[in-house]
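Thanks for sharing this one with me. Here are my notes, set out as numbered points so you can follow along with the model open beside you.

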Amino acid sequence: WEILKTHFVTPEYSRIPIIAGNMITQEFADMLNSRLHEIDTDIFFASLTREGVYFNGAYFFNNPEHDQNVKIVLRQPKADIALLSHDKDDIFDYGILHCGADIVILENAGYAEEKTMKEQLLPGGLLVEITERHMKITRGEELVTERVITEDEDIDTVILSNLDAELPGLIRKYS
């Protein structure tokens, strides 16, 4: 606790915002990084996709062991916000390694991905579910938005545009 007190004011704020999902692409991570830096030029964004660990959009490392990559992201003391991608194999082999997520993005999720990731969603968090090209965003039991993603639309762009209004509050959530 003494170490945490040097970084966080109170126990309830002893975390950073986490966005987690099962099929998060590097393209989405790059778009999110750009958008976060438009909101706050000083933000430090840590992300993990299949391509590896990135800090502020710059490649850092890709350990073959998923759990080690998650640790690299979460142990980065400068990180203000984290994006973590976990697929079913990662979940079965390593678990999640973080407690909670403020936003969960599930795209055509299998049972393990859906069950495990939904359990990580913090109260008041957003759940983005995409099946085929249908997107549904909920907060608790409340429907936020629902729409079809047309063939000419990029799924990552649609997700980000629907999360855009949430990002300023998410950045400041635990500060």
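1. Let me start with the hairpin: β2 and β3 make one, and two residues sit between the two strands. Please keep in mind throughout that this is a predicted model. The two strands, β2 and β3 (residues 52-55), run antiparallel to each other and are joined over four bridges. If you want a landmark, look for L48, which stands opposite V53 in β3.

2. β2 has another partner too. With strand β5 (residues 81-85) it pairs in the parallel sense, again over four bridges. Here F45 is a handy place to look, as its bridge partner in β5 is I81.

3. How much of β2 is covered? Five of the five residues in this strand (residues 45-49) are buried. The side chains divide between two directions: F45, S47 and T49 point one way, A46 and L48 point the other way, and all of them are buried.

4. Now to the aromatic rings, where the count comes to three pairs. One of them joins Y54 and Y59: the ring centres are 5.5 Å apart and the planes meet at 75°, over the 60 degrees needed, so this pair is edge-to-face. Y54 has a relative accessible area of 12% and is therefore buried.

5. Another pair is F55 with F60. Their ring centres lie 5.0 Å apart and their planes are at 55°, so the pair counts as tilted. The two partners are worth viewing with the surface switched on: F55 is buried, with a relative accessible area of 12%, whereas F60 is partly exposed at 48%. Add F44 to F55 and F60 and you have one aromatic cluster.

6. Last, the interior space. How many cavities of 30 Å³ or more does a search of the whole structure find? The search finds one, and its volume is about 60 Å³. Its lining is made up of N22, M23, I24, T25, F28, I105, L106, E107, D156 and I159.

7. Which elements supply that lining? β6 (101-107) and α6 (155-163) each provide at least two residues, and β6 gives the most, with three. By class, the lining has six nonpolar residues, two polar ones and two charged ones. When you look around this cavity, E107 and D156 are among the lining residues to pick out.

Terms used:
Residues numbered from 1 in each chain as written. Predicted model: local features only at pLDDT ≥ 70, side-chain atom pairs only at ≥ 80, totals over all residues. Heavy atoms only, no water. 1 Å grid on protein atoms, 1.4 Å probe; cavity = no way out; pocket = protein on both sides within 12 Å on 5 of 7 lines; lining within 4 Å. Points joined across faces, edges and corners; volume = space filled by probe spheres on them. Nonpolar A, V, L, I, M, F, W, Y, C, P; charged D, E, K, R; others polar. Buried < 20%, exposed > 50% of the residue type's maximum accessible area, 1.4 Å probe, protein only. Pairing = 2+ DSSP bridges. Phe/Tyr/Trp six-rings, centres within 6.5 Å; stacked < 30°, edge-to-face > 60°.
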